[in-house]
Each structure stands twice: as structure tokens, then as C-alpha cells.
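I opened a new notebook page for this protein. I wanted to know how far to trust the model, then how its helices pack.

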Amino acid sequence: LIQPRQWGEGKLYPHFILENIDPDTGTQEARNLSAINTEWYTTLVSLIRSGSEDEFDQVLDEYKSFLDENGWDDIVKVRDEKMAENKEKLGIE
């Protein structure tokens, strides 16, 4: 256990700034994020299976519209706020 830890010193850094940044359970943003994640899985399959660039672009545009309709900007704000709190806790500027 000592050797891997020594090897990682100076190379590996904790990513606590990204921990627990999703919206709190039960909020509108959390429900929207759940819907967005589900939509992404089906969109990804459609993107992979698309038969042309036009079809790919159409699927991607529909997903972007879905993001707008489901409050993606609000989710990003929540995540930004939580990352700022984490930075403060870690003493990062």
C-alpha cells in the first residue's frame, strides 16, 4: 500500500470540488436533471445509429431544445454554486 501511495504523491489530486454538485433531491432542478439524463441515453443511441450527418444534426438539435425546455441553465447555476462552496471548503481560490 505504501508504494502506490508514494507513486501518486504530486500526481494525483482529489476532485472534491466536483463532489455532490447535483441539485438536491426533490427539487425541480433534480427532477429536470433526471429527465435530461434519461433523454441523453436515448439520444446517444440515436446519434450512434444516425444514417447521415443531417439526421445526426437533427437529433442533436432536438436534444439541445430538450435541454432548454427542461431548465438546463438552472441546473448549471446550482452546480456552479455548489462548486464554489466546495472550493471555499477546500481553501481554493
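What pLDDT does the protein average? This is a predicted model, so I looked up confidence before anything else. The protein averages a pLDDT of 92. I also noted that 97% of the residues score at least 70.

Next I asked where confidence is lowest and where it is highest. Helix H1 (residues 2–8) is lowest, at a mean of 81. Helix H3 (residues 53–69) is highest, at 98.

**Entry: H2 against H4**

I looked up helix H2 (residues 28–49) and helix H4 (residues 72–90). They pack at an angle of about 115°. Their axes lie 10 Å apart. The crossing of H2 past H4 is left-handed.

Which residues meet here? From H2 I listed Glu29, Asn32, Leu33 and Ile36. Facing them in H4 are Trp72, Asp74, Ile75, Val78 and Arg79. I sorted this contact by type: five residues are nonpolar, three are charged and one is polar.

**Entry: the core**

Which residues make up the largest nonpolar core? I found six: Leu33, Ile36, Tyr63, Phe66, Leu67 and Ile75. H3 gives the most to this core, with three residues. H2 and H3 each supply at least two.

Leu33, Ile36 and Ile75 caught my eye: they belong to this core and also to the contact of H2 with H4.

**Entry: Leu33**

I then checked what Leu33 touches, leaving out residues up to four places away in sequence. In H4, Leu33 meets residues of the H2 contact, and its own list includes Trp72, Ile75 and Arg79. Leu33 also touches Asp22 and Pro23.

Methods
Residues numbered from 1 in each chain as written. Predicted model: local features only at pLDDT ≥ 70, side-chain atom pairs only at ≥ 80, totals over all residues. Heavy atoms only, no water. Axes fitted to C-alpha atoms, helices over the stretch in contact; angles between N-to-C directions. Helix = DSSP H or I, 4+ residues; strand = E, 2+ residues; numbered from the N terminus. Left-handed = near helix turned anticlockwise from the far one by under 90°. Contact = heavy atoms within 4.5 Å. Nonpolar A, V, L, I, M, F, W, Y, C, P; charged D, E, K, R; others polar. pLDDT = per-residue confidence, 0-100. Core = buried A, V, L, I, M, F, W, Y, C linked by side-chain atoms within 4.5 Å. Buried < 20%, exposed > 50% of the residue type's maximum accessible area, 1.4 Å probe, protein only.
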